[in-house]
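Grab a pencil and work through these short exercises. Try each task before you read its solution.

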Amino acid sequence: MFEHIVEAPPDPILGTALAYKADTNPNKVNLGVGAYRTEEGATYVFPVVAKVDKELAAQTLDKEYLPIDGLPGLKKVTQKLLFGECAAYRGDRICSIQALSGTGALRVGAEFMNRHLPQDWGRTVYLSDPTWGNHKQIFLAAGFAVKTYPYWDQARRCVDMDAMLHTLKFAPKHSIIVLHGCAHNPTGLDPTKDEWQQIVQVIKDNNLIPFIDTAYQGYASGDLDEDAYSLRLFESSGLEFFVAQSFAKNFGLYGERVGMFHIVASSAERAKVVLSQVKPVVRAMYSNPPVHGGRIVERILSDPTLFAEWQQQLKDVAARIHRVRSDLRGGLEAKGTPGSWEHITRQIGMFSYTGLSVAQSERMIDQWHIYMLKNGRISLAGLNHKNIPYVVGAIDDCVRN
Ligand code: PMP
């Protein structure tokens, strides 16, 4: 039965973590996977998460099934975090379900759209070029045709806004446009506020459907409201749209798989009907979400003291990432490494799109044991004062040779 099956290549992102683990070189550095590390290179549990975890353990709560759409108490608190107390929030126009982190929210959204958007709307999704490696597979799996809109300008190392707006202007109406809410992965470059307004306008004018993926709220600027700017702009525009919200990075709950899928609708009645149709999609895929991580997020977002602690810890994490950005750039400039490295500090969030070519990135991995993506993306979370000089030396070598 299995003779005809050929072995699939490892996942390009998760595969780097495996290769790193298997490497016995003492100098090895993991800049592949986007999980936060401390200045000492250790994995990190937010202290507020550890505290709530203990509190929950002491209560010996039941492990019953959750409803299909997850913990009821998560809906309003996660909506408020993302959208603020806006008109859609106050008017109960947001349909929300707890999802299996950001990936699960995207997958449920894609499946829902495939089932319920009018048949004659086509099934085309536009992704930024480049984008997070999993987007394409998620939408292909749900039966969509996948295209791209220009985003990264390799020559100028910035966002090519004119080309992006041009493609959106001429995309067939009712196409789905996936946007990164903040801290674009992998480039680390977001549109400016003025550019976001132009994006909203062209989407509105051309009857396109926004699907906003937000996995780094709090990581980009260290300010939760600032990082929700694009979401709130879409809300105030009156458009109906989809959102995938992940708590993997900003709560450090990677393995708990907790996130939310939201749909902003034009009325409370529409939101209610839409929710009734999201539930059968979930029921057929995984029935209902896991309970533990959801309880942690609900507790922190519902309690003002815990919320303040979380906000401060998130700020500290974002500040460390900012620091290593400057140190990396400073190190390369001090060494006189050919090229401009100013983009490293212009980029935000967890990643830097270094501009290293595939061949240079391969040399980083093979000769220097520095694990990163072959498209030149590094996770800054893996850098610290001990390994930065080594990484600087490696980049310098790869650029010169
Ligand atoms: N979207 C983007 C842009 C991401 O970078 C990530 C995490 N790497 C996700 C979604 C989803 O991650 P998770 O499923 O762990 O929440």
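**Exercise 1. Find how strand S7 pairs with its neighbours.**

Step 1: Strand S3 (residues 124-129) pairs with S7 in the parallel sense, over 2 bridges. Strands here are DSSP runs of E with at least two residues, numbered from the N terminus, while helices are runs of H or I with at least four. Two strands pair if DSSP finds at least two bridges between them. Before you go on, note that this is a predicted model: local features need pLDDT of at least 70, side-chain atom pairs count only at pLDDT 80 or more, and totals for chains, interfaces and linings use all residues. Residues are numbered from 1 along each chain as its sequence is written.

Step 2: Look for the facing residues: valine 125 stands opposite isoleucine 176 in S7.

Step 3: Now try S8, which runs parallel to S7 and is joined to it by 5 bridges. Here histidine 180 stands opposite aspartate 213.

**Exercise 2. Work out whether S7 is covered.**

Step 1: Call a residue buried if 20 or more other C-beta atoms (placed from the backbone) lie within 10 Å of its own, exposed if 12 or fewer, and partly exposed in between.

Step 2: By that test, 5 of the 5 residues of S7 are buried. Ile176, Val178 and His180 point one way, and Ile177 and Leu179 the other.

**Exercise 3. Decide which residues of helix H8 (residues 193-205) are buried and how they are arranged.**

Step 1: Ile199, Val200 and Ile203 are the buried ones to mark.

Step 2: Down the axis of H8, the buried residues fall within an arc of 95° (taken from the directions from the helix axis to the C-beta atoms), so they line one face of the helix.

Step 3: Turn to the face away from that buried side, and you meet the exposed Asp194 and Asp205.
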